[in-house]
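Grab a coffee and have a look at the fold below. Try each exercise yourself before reading its solution.

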Amino acid sequence: MISKQNEILANEPIQIEKAEKAAQIILALQKELKERIARGAGPFLAAIYDEKGNLVAKDSNSVVQEKCSHHHAEMNAIKAAEQKLGTFDLAPYNLSLYVTSEPCIMCLGGIMWSGIKAVYYGVPSNRVEEITGFDEGFKPDWLNEFKKRGITVYGNLEPQAGEEVLAAYVREGHKVYKPSR
Ligand SMILES: [Zn+2]
């Protein structure tokens with residue numbers, strides 16, 4: 001059920017044109033993320049687009065800035081999209097979420113409840129954890145679980161660009177926020 005091509009990971013047969021278009025969006029998000037980190041944002045950025053390619057919402061991680069553990073980029077962007085469209089159900093809008101790194105355990109839940117129809121991500125969670133020390137949670141077989149619910153996933157899109165942003169975040173001494181254990 002899982003397709004792999006040139007390192008891209010997907011839960012449907014890979015459509016090259018779709019993957020390439022998504023990779024360009026992810027690269028642009030990585031570039032914007034660098035600028036947002038310099039202004040105090042956390043190291044993740046998510047954008048939601050409609051099927052015509054119009055931007056619906058975009059936001060970065062604001063856990064430290066807003067003192068809230070669930071203010072991840074995906075959660076912030078979903079909330080902004082729902083408030084903009086005036087609904088808790090995004091499904092009728094056929095929206096796609098693009099995010100600079102693979103969603104964590106919480107954001108997978110947030111995406112599932114939102115009605116988002118497709119997810120495109122950059123850096124895989126195992127690399128996020130290796131580079132930054134963030135804990136991304138346990139997510140057994142999530143690509144297939146999303147497929148069962150009609151949510152398309154393409155991942156590992158241009159991961160090197162994202163890994164560089166994450167490595168710089170750590171190198172520059174920004175906060176790797178997490179609960180004390
Ligand atoms: Zn998250």
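Here are four exercises on this predicted model, each with a worked solution.

**Exercise 1. Work out the overall make-up of the protein and decide how its radius of gyration fits a compact globule.**

Start by counting elements: there are seven helices and seven strands. Next, read them off along the sequence, and you get β-β-α-β-β-α-α-β-α-β-α-α-β-α. Now for size. The C-alpha atoms fill a box of roughly 40 × 40 × 30 Å along the principal axes. A compact globule of 181 residues would have a radius of gyration near 16 Å, and the protein has 15 Å, so the two agree. Finally, check how the chain is tied together: of the contacts between residues at least 6 apart in sequence, 64% join residues at least 24 apart.

**Exercise 2. Find out what helix 3 packs against.**

First, place the helix: helix 3 covers residues 73–85, 13 residues in all. Its end-to-end C-alpha reach is 18 Å, close to the 18 Å expected at 1.5 Å a residue. Then pick out its buried residues, which are A73, E74, M75, N76, A77, I78 and A81. These pack against strand 3 (45–49), strand 4 (55–60), strand 5 (96–101) and helix 4 (105–114). Just after the helix comes G86, with a positive phi near 70°.

One of those buried residues, A77, also turns up among the members of the largest nonpolar core that touch the most other members. So does A46, whose contacts beyond four places in sequence include A73, E74 and A77.

**Exercise 3. Trace how strand 6 is paired on both sides, and say whether its residues are buried or exposed.**

Begin with burial: six of the six residues in strand 6 (118–123) are buried. Strand 5 runs parallel to strand 6, and five bridges join them; S101 has V123 as its bridge partner in strand 6. To get from strand 5 to strand 6 the chain passes through helix 4, and this β-α-β crossover is right-handed. Now turn to strand 7 (152–155), which pairs with strand 6 in the parallel sense over three bridges. There, V119 has V153 as its bridge partner. V119 is also on the list of best-connected residues in the largest nonpolar core, as is Y120.

**Exercise 4. Is K18 buried, exposed or partly exposed?**

Locate it first: K18 sits in helix 1 (residues 16–38). Then count neighbours. K18 has 16 other C-beta atoms within 10 Å, so it is partly exposed; buried would take 20 or more, and exposed 12 or fewer.

Conventions
Residues are numbered from 1 along each chain as its sequence is written. This is a predicted model: local features need pLDDT of at least 70, side-chain atom pairs count only at pLDDT 80 or more; totals for chains, interfaces and linings use all residues. A nonpolar core is a set of buried Ala, Val, Leu, Ile, Met, Phe, Trp, Tyr and Cys residues joined through C-beta atoms within 7 Å. Two residues are in contact if their C-beta atoms, placed from the backbone, lie within 7 Å. Helices (H or I, at least four residues) and strands (E, at least two) are DSSP runs, numbered from the N terminus. The expected span of a helix is 1.5 Å times one less than its number of residues. The radius of gyration is taken over C-alpha atoms; the globule rule is 2.2 Å times the number of residues to the power 0.38. Two strands pair if DSSP finds at least two bridges between them. A crossover is right-handed if, with the strands pointing away from the viewer, the path from the first strand over the helix to the second runs clockwise.
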